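Q: I've got this model open and I'd like a close look at one part of it. Could you walk me through that part and then show me how the rest fits around it?

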Amino acid sequence: MGSGDLRDGRHAGPRRGRGGCMTARPLVALFLATVALSGRATEPPAASPSDAGHAATTAGNPAAAPDRSPGADPLALAIDAIVEREAVGPVAEPCNDAAFLRRVHLDLVGTIPAAERVRAFLADTAALKRVELVDELLASPGHARQMALVLDAMLLERKGAGAEAAAWRGYLATAVADDRPFDQVCAELIGTDGATPATRPAVTFQLVREVDPLRLTRSVGRLFLGRDLECCQCHDHPDNADLRQADYHGLRAFFQRSSLFNPAADQPALVGETADGEVEYTSVFTKESAKGVRPRLPAGLALVGEPLPEPGDDYVSAPAKGVRGVPAHSRREALSRMLVESAEFPRVLANRVWAMLFGRGLVHPLDGHDPDNPPVHPDLLELLAAHLRDGGYRLRGLVRGIVLSRTYQRSSAPLPLDDAARAALPSFIDRLAAEQTAAEGALPALAAARDAAATRAQALFAADAAARDAVAPLLEPRAKARVAADAASALAKNAADELTKKTAQGESLSQAATQAAAAAALLPDDKVLGGAAAIITARAAEFAPTLEVARGALAARTTEAEAATAALAAARRAVEEAAVARPPVVDLTQADREAVAARLAWQGARDRIARIGMRLVLARDMIRHGELMATDPAAAAALAGSIDERRMALVQVARLRPLSPEQLAFSILTATGRLATARAAAAAQLDKEPPAALQAALPDRQAAVRGLYEELGIVQQQAGFLGAVAGLYGDPLAGDFQASVNQALWLGNAPDLAGQLQPGGDGLVARLVALADDGVLADDVFLAVLSRPSDATDRADVAAALAGRADDRAAAIAEVVWATLASAEFRFNH
Amino acid sequence: MSRATTSPACGSDAHRLSRRGLLGGMAAAAAGAVAARPALARVVAGSNKRVLQIFLHGGVSQLESWDPKPGTATGGPFRAIPTSVPGIHVSELLPCTARQMHHLGLIRSMAGGSDDHARGQREMFSGRNQPAPLDVPDLGAVVAKACLTDDFPLPGHVLIRGAGGGPGNASYLGPRYAGVIMEDAKPPAFTDRPAGLTAEADRRRAALRARLDDRFTGRRRSADTDAYTFSHGQALELLDQRRVFDVDLEPERDHDRYGRSEFGRHCLMARRLLEHGVPFVQVNHSNYDTHFENFDFHIEQLGEFDRPFAALVEDLAVRGLLDDTVVCVMSEFGRTPRINAGYGRDHWGKSWSILLGGAGIQRGAVIGRTNADGTEVVDRPVDHGHVFHTVLRAIGVDSAGSFHVGGRDVTIADPAKGPITEFLA
């Protein structure tokens, strides 16, 4: 799903390495305890018409038999319907079984298939073997591991979670294994403060950004709203009217009150938040400025009806030295809800999943969702977004629908560009032209509706802002009155308490005086007693004024308290009266929603018109190519390249896409046989020291929990290797493909890799050395490394490489294996 | 692949010895089979411009180096000495460098810097105020990006390390431009063939790989597959050029001239790399963080620095390389004019100095001025952003331009700043 980031993670290597070196068993145990628990609680995914086909296949429901008839996945059918209807000329043939097996293994479980798997799949004659394979892979712990690594790179933008890496990956893997609604996961990442053990891993998202409002603003804009608002920190985008400084600061206002809180030295960091703190900004270009910026999603909904608490009511826990602030109303928490309910969220997420499986988003770059960069297939993006939204944000169903589509399973062999390819184009052009005319005709009405809705919303928000401005100066007097009233009430209570005490003392004295006088009267000869009685009586008489003073004080404090309370009531009334002018929250929300919806409807129509235009141009270019072939072959060749690129963008043919660093590392480990060794070691470790959570897991969850442990154990064990690859290769989705000489040097000379090609142990080379027949050996190499049988030329090449090398056959075999590992065919998903 | 959208116009001088062109030509010839240059070759390049950055890690004292204030309360015990440029004086701790001053220039008005090591270093490396929400590449990556040609077999961004220094961040420019580290001037990682693999065996397996690639790309050729197969050829070329990384191949005489210290060896290594056309070389000299006994430490540190640095400048000048090479000597910040109780100086970003010289720079110029006791800049305050622009302009890169990366334009340098134009030749 790639970070789609401009920066692509040179930090990833060492940091990942460090993360992997640390021992975090308690944390792993912790999250796996959650797996075991949530396993019981997992509910079947919310059924919806669109995901009825896949719901039965999720892990929670192993008993229900999925419908695996060809094309049974309604999402797959819908994807193909759109893509094939909109295709310009022919689409590519389906890829062969070997290519499909490799592709789907890389995408779903992050590595090439083992040689025996390739053999078995190619030999399998079942009609539905592709569907069965997909379901098996999606349910496997390897899928959870792969998605955890993808999400890790995407969400942390390859910054690495440091000491929290194992717990963080475990959290993500668990979410994937349970197919947790992904909107909940995302809301958790942003809303949590990390204060409870269950939320510790999720808060990593904020902690790696040091809870810095600016960094969070940029990341959340890019990752979840599909917009890079970076330049809008200082000014409106010079070339893009839809990227405004107000958007940046509106989003920032949600984070402005949050900050990193470091408790005692040995305690983990948390997120603290204050109850106040507003955003203001000035444009460096126009010097326009704004204060008290209202929290608002970029070009989206505003946070309305924020409470205006008085001092004392504003915090659950007020911030102080060493005390973390927890406000009664958290703006960040409000964002976490609003974000996942936004129109952008499902589109951006769907686009990222698509990019993970096709190497390029329907909107590209992934954080370039803006009006001047429409999706290549607007209807398809809408379909995928609706699938997520209506299907409870279960990623597994979305992935299943996509990989079962014909569109995903196309060959990467170049499409023909000949007369047959052009045959249907004239009628296609007529149809598109008609669609274009109709769509353009509908646009003015949509634009008018957009403007009307925007005007309505603006009027309401202006009224609200005016009322807020009127309220604002009244808040401080109210706060002061509240503080004064609270203080006066406290004083009055003290005075009352004092009077009660004094009254009791007075009564006690007076009783003592009466009784002492009675005793003295009964014992008239006892002078001492008489004296004492006189003293007590005198004391009782002396006490009376003290009592009066206390009574007077109470009366005075009570009067003051009543006055202060009255003043507070007046201050509150003033606020309330001023606030009456604020439009009701429900009206604001409604108007805001309508304005956003009307804008999106217009935008959608514009996107469609733009894309119809693009396809018309392509269709005409293809016809022109036919004409140029005869007159200007050079121009025809240049045009053919551009036509191929556009047909690839329209997913009519599969794109060659470089393996991600994780896919590359795992594929090398799989090919050389080290993964099998690592897996055995991880399993042995589980046998030797079965973690408590594994022992505690219910019988029907044992296998799943164990599988996750094994996968994450491998990631931790191979952290050094994974880190080295990630450091060198970066993130190919981040921008464009790069091949560096450092990568090639590593591949050629890294001792770690050379070690994997030694004939020792039970690795690939050791296995091959035992084979006497060069043809069998060639086939084994190609199955193990390139996931396909060798052809005659391959076998001839291998035979030539081994000829005359009887003396150092192991070295010669290692050379052959290296050549396949270093080949372009291995480097790319094809 | 990204490219500069403006034309940095690194104009090359055909009459001058062009090692990069020479090596590049050899590499292209050797690459043979991969005749077509990858489409990612759209870098603006082909010049022989280079940047040498000496980073005095920890923060050198401007008062003991480029902006002495003898006889003042802040000035410390050292004298100022005249240099080869009449009117410019530097600290007496830099006698050799003083004699090369006519090749160099000074900025004595560095202001607005950080007092924090990490932040100051990021700012000086990246030319952007920190913390920046956008992760930005280091100068070395930008220079490599602007100057590298695809047929150049050596890395474009090399960091010669003692201790300290950044990772050579290439950020969004991608792994091709990330810093290659030569720990203690040893060759970069993975330039030793694994035990048992001869050059002949390496070529043999490469030939088999090339045959496999020919068949695969015959069906599915793309710019990406071209770039990938090309990088393998580059790696083999680099192994053939591995001698470039062996400083021991420099004459004994030069080892003596540069001194047998670690920094001397590193400077000699830098000369070797620059001679072979590497566009960006950083040498790190550590550690100038002199909170205690500032003066003793500077005698020692600058004593190490002065002779090799001066020898390097002199050699670059004599060999004609200085006309193509920008020389920078900088730190993350300067040191407090106030001398503390431990005879130390603390972190200071308010009024300090750096050195720039060589290609594209007005030699013998001094930019800006501090007041009598060095506590404030009184003329032409500049910071890391201006320096970043200036260095790029000095090698002919339009620093106000943008790189086109991942579908968008990203400004090369901080758009709120610009070059110190009067410092440019």
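How many of the residues of helix α10 (residues 384-394) of chain B are buried?

A: Keep in mind that this is a predicted model. In helix α10 of chain B, 11 of the 11 residues are buried, which leaves the helix mostly covered. A residue gets that label when 20 or more other C-beta atoms lie within 10 Å of its own. The buried set in α10(B) runs through H384(B), G385(B), H386(B), V387(B), F388(B), H389(B), T390(B), V391(B), L392(B), R393(B) and A394(B). Notice that the list has R393(B) in it, along with H384(B), H386(B) and H389(B).

So what sits over the helix? The cover over the buried residues of α10(B) includes the strands β2 (50-57), β9 (325-330) and β12 (352-358), plus the helices α3 (117-126) and α4 (139-147), all of chain B. Just after α10(B) you run into G396(B), which has a positive phi near 90°.

Now zoom out to the chain. Chain B has 10 helices and 17 strands. Of its 425 residues, 58% are buried. If you take the contacts in chain B between residues at least 6 apart in sequence, 76% of them link residues at least 24 apart.

There are two backbone oddities in chain B to click on. Most peptide bonds are trans, and most residues other than glycine have a negative phi. Against that background, the bond joining S286(B) and N287(B) is cis, with omega about 15°. N287(B) belongs to the loop between β8 (280-286) and α9 (294-318) of chain B. Then there's D184(B), which isn't a glycine but has a positive phi of about 50°. You'll find D184(B) in the loop between β7 (180-183) and α5 of chain B. D184(B) is exposed, with 12 other C-beta atoms within 10 Å.

Next, the contact with chain A. Each chain puts in 55 residues: 55 from chain B and 55 from chain A. On the chain B side, α5 (199-220), α6 (223-240) and β17 (408-411) each give at least two residues. The largest share of that side, 14 residues, comes from α5(B). Sorted by class, the chain B side has 25 nonpolar, 15 polar and 15 charged residues.

One helix pair there deserves a look. Helix α28 (residues 741-749) of chain A packs on α6(B) at an angle of about 75°, with the axes 8 Å apart. The two helices, α28(A) and α6(B), are therefore roughly perpendicular to each other. From α28(A) you get V741(A), Q743(A), A744(A), L745(A) and G748(A), meeting S231(B), H232(B), Q234(B), A235(B) and L238(B) of α6(B). Split by class, this helix contact has 5 nonpolar, 5 polar and no charged residues.

Over in chain A, there's another covered helix. In α17 (residues 395-403) of chain A, 9 of the 9 residues are buried, so this helix is largely enclosed by the rest of the structure. Two arginines, R396(A) and R400(A), are among the buried residues of α17(A).

As for the nonpolar packing, the largest core has 285 residues, and V817(A) and C328(B) have the most contacts inside it. Setting aside neighbours within four places in sequence, V817(A) contacts L757(A), L764(A), V765(A), V781(A) and V785(A). A second, separate core has 13 residues, including A302(A), V304(A), F461(A) and L588(A).

V781(A) turns up again as a partner of V798(A), which also touches D774(A), L777(A), A778(A) and V816(A), not counting residues up to four places away in sequence. V798(A) lies in helix α32 (residues 792-802) of chain A. With 25 C-beta neighbours inside 10 Å, V798(A) counts as buried. For a sense of scale, the C-alpha atoms of V798(A) and A570(A) are 93 Å apart, with their positions 228 residues apart along the chain. Chain A is split into domain 1 (472-585) and domain 2 (721-829), and the centres of these domains, taken over C-alpha atoms, are 91 Å apart.

Chain A has its own backbone oddities too. The H364(A) to P365(A) peptide bond is cis, with omega near 0°, and P365(A) is in the loop between α15 (344-358) and α16 (378-390) of chain A. D179(A) has a positive phi near 50° without being a glycine, and it's in the loop between α9 (165-177) and α10 (182-191) of chain A. D179(A) counts as buried, with 24 C-beta neighbours inside 10 Å.

Terms used. Residues are numbered from 1 along each chain as its sequence is written. Chains are lettered from A and ligands numbered from 1 in the order in which they are written. This is a predicted model: local features need pLDDT of at least 70, side-chain atom pairs count only at pLDDT 80 or more; totals for chains, interfaces and linings use all residues. Two residues are in contact if their C-beta atoms, placed from the backbone, lie within 7 Å. Helices (H or I, at least four residues) and strands (E, at least two) are DSSP runs, numbered from the N terminus. Ala, Val, Leu, Ile, Met, Phe, Trp, Tyr, Cys and Pro count as nonpolar, Asp, Glu, Lys and Arg as charged, and the others, Gly among them, as polar. Axes are lines fitted to C-alpha atoms, for helices over the stretch in contact, and angles run from 0 to 180 degrees between N-to-C directions. Angles under 35 degrees count as roughly parallel, over 145 as roughly antiparallel, 65 to 115 as roughly perpendicular and the rest as oblique. Domain bounds come from an automatic or database domain assignment. A nonpolar core is a set of buried Ala, Val, Leu, Ile, Met, Phe, Trp, Tyr and Cys residues joined through C-beta atoms within 7 Å.
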